[in-house]
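Biologist: I'd like to go through this one with you and hear where each label comes from. Put it on the screen and we'll start.

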Amino acid sequence: MNGRDPDRRKALLDAADRAILREGPQVSMAAIAAEAGITKPILYRHFGDKSGLYQALADRHVRRVISQLRPEFVRTRTDPRARARAAVEVYLDLISANQNLYRFLFHRASAEDTGVRSHMTALVRGLGEELGAVLAAEQAPPDPVRAQILGHAFVGMVQTTGDWWLEHPEVGREQVVEGLVEVIVAAFVSRPAG
């Protein structure tokens, strides 16, 4: 049933976004359907089931984050600190501006549905691979395996730290950015043992 009208699916996803932003990550499927002006069975008909809706929302929003991070990955800068800072700031700004949506996707949907969790993990892993490939192409670390390790490490570290930061609003954004940037820059300066 995923072959439905793409404009209608977009409108339904827009309604889901509004309901999640208004009601938070524990929003009911009935509230999402009501926001769209339809019933739950009709909502599910457009996405197959609840998991299909979750995956469509994950695709929409995680890909949006990736598309905004990608230019920071590939932008050539002589200063790795400025490049790392720009990417970290983009990510933190996106998740803090959309906290309910972030929590819905990374906490609720991923906890409720193993398929969604696997899908989200694959999207995040793909981002790590992409960053690793950029680092390898630039020979940021000259070893391509180390570039992949760093790409995945940076993505995971920033994601996990951002998640923690949303739960600790008393910690200033700049302190989080600076802490992450320091670790990223240090990884390029230090050499692996051996």
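Biologist: Leaving aside neighbours within four places in sequence, which residues is Ser51 in contact with?

Modeller: Asp113 and Val116. Contact means heavy atoms within 4.5 Å, so Ser51 meets that cut-off with both.

Biologist: And what sort of model is this?

Modeller: A predicted one, with residues numbered from 1 along each chain as its sequence is written, and with side-chain values from heavy atoms, leaving out hydrogens and water. Local features need pLDDT of at least 70 and side-chain atom pairs 80 or more, while totals for chains, interfaces and linings use all residues.

Biologist: Why is Ser51 called buried?

Modeller: Its relative accessible area is 15%. The label asks for under 20% (exposed is over 50%, partly exposed in between, with a 1.4 Å probe and protein chains only), so Ser51 qualifies. It's found in helix α4.

Biologist: What makes Ser51 and Asp113 a polar contact?

Modeller: Their side chains come to 2.8 Å. A polar contact is an N or O pair within 3.5 Å, one able to donate a hydrogen and the other to accept it; residues adjacent in sequence count only if both atoms are side-chain atoms. So 2.8 Å passes.

Biologist: What else does the Asp113 side chain reach?

Modeller: The backbone nitrogen of Val116, at 2.9 Å. Similarly, the backbone nitrogen of Gly115 lies 2.7 Å from a polar atom of that side chain. Asp113 is in the loop between α6 (99-112) and α7 (114-137), and it touches Tyr54 as well as Ser51, not counting residues up to four places away.

Biologist: Asp113 is buried, so how do you know that it has no salt bridge?

Modeller: The nearest side chain of opposite charge is Lys50, 7.5 Å away. Lys and Arg count as positive, Asp and Glu as negative, with His and the chain ends not counted. A salt bridge needs a Lys or Arg side-chain nitrogen within 4 Å of an Asp or Glu carboxyl oxygen, so Lys50 at 7.5 Å doesn't make one.

Biologist: How do you know that the buried residues of α3 are on the same side?

Modeller: In α3 (residues 40-47) they are Leu43, His46 and Phe47. They cover an arc of only 90° around the axis, which puts them on the same side of α3; the arc is taken from the directions from the helix axis to the C-beta atoms. In general, an α-helix has 3.6 residues a turn, so residues three or four places apart point the same way. What covers these buried residues includes α1 (6-23), α2 (29-36) and α4 (50-74). After α3 comes Gly48, with a positive phi near 90°.

Biologist: Why is Ala133 called partly exposed?

Modeller: Its relative accessible area is 41%, which falls in the in-between class. Ala133 is found in helix α7, and its C-alpha is 7.9 Å from that of Pro144, 11 residues apart along the chain.

Biologist: How many helices and strands does the protein chain have?

Modeller: 9 helices and 0 strands. Those are DSSP runs numbered from the N terminus: H or I of at least four residues for a helix, E of at least two for a strand. Of the chain's 194 residues, 44% count as buried, and the C-alpha trace spans about 60 × 40 × 25 Å along its principal axes.
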